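Colleague: Could you walk me through this model? I have not looked at it before.

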Amino acid sequence: MRSSASTLLLAAAAPVFVAAVCPDPVPQISSLSWSGSGCPSTSASSVKNYGPMEFGEVKTFTFNQLDSDNTENCEIHLQAAQAPSGWQVAVRDVAYSGDVMLKPNSQLDYFTQVYWSEKADDTGIAKGTITNADTDVYNRAVTIRSTVPEKWSKCISGSGPGILNVNFRPVINGDAGRFSFKNATWHLDWRKC
Ligand SMILES: *[C@@H]1O[C@H](CO)[C@@H](O)[C@H](O)[C@H]1NC(C)=O
């Protein structure tokens, strides 16, 4: 069912994991909230998993209205409790699954921004594009993955790592199209500090 273009996309997206390193016990997510046109805080959008913030762990957030023919955004705000001192954490990559339709001469541009509330001016930005250069309509289920420049939390000392914010913004450009993203998965890195 998948065409070669989306196979390429998935192949390029395959993560390469090195030795897993993370604190023991692994900090648990203690608070999650969300905001933005694609997941207003009053909506039921989002949270699926309040699990551990483990290295390489799949954190899946489920969107129920990140769906538009123009643009929308959803920003997730996350905090962890009981984090062991002497560690710091960063988001390494993010993946989003959903459906994308693009008329000829159209494209989907997507942006992920990652920052810690304490250092809001130090933002990691990842961008990607799906272009329909064909004469047929592009209409596919996709998983898009972006590697984010790592923005490390403060060195944990007595409390959690702070508030981590991850904003996702897809935009349709060109003639016409539509996106409907269903869920987000993050991969985290930990290191000693
Ligand atoms: C994420 O959404 C995609 C597309 O709808 C779906 O195939 C996949 O199973 C979902 N993943 C999870 C973990 O819910």
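Modeller: This is a predicted model, where local features need pLDDT of at least 70, side-chain atom pairs count only at pLDDT 80 or more, and totals for chains, interfaces and linings use all residues. Residues are numbered from 1 along each chain as its sequence is written, and side-chain values use heavy atoms, with hydrogens and water left out.

Colleague: Which elements have the lowest and the highest mean pLDDT?

Modeller: Helix α1 (residues 4–13) has the lowest mean among the elements, at 46, and strand β6 (residues 106–116) has the highest, at 97; pLDDT is the predictor's confidence in each residue, from 0 to 100, and helices (H or I, at least four residues) and strands (E, at least two) are DSSP runs, numbered from the N terminus.

Colleague: Where does pLDDT stay under 50?

Modeller: That is residues 1–19, for which the model has 19 contacts beyond four places in sequence, a contact being heavy atoms within 4.5 Å. Where pLDDT is low, the predicted coordinates should not be read in detail.

Colleague: OK, new topic: which residues are around the ligand?

Modeller: They are T60, S97, K182 and N183, counting a residue if one of its heavy atoms lies within 4 Å. The side chain of N183 has an N or O atom 2.4 Å from an oxygen atom of the ligand.

Colleague: And how is N105 placed, buried or exposed?

Modeller: N105 is exposed, with a relative accessible area of 65% (exposed is over 50%, buried under 20%, partly exposed in between, with a 1.4 Å probe and protein chains only). N105 lies in the loop between β5 (87–102) and β6.

Key:
Polar contact = N/O pair within 3.5 Å; in protein donor to acceptor, adjacent residues only side chain to side chain.
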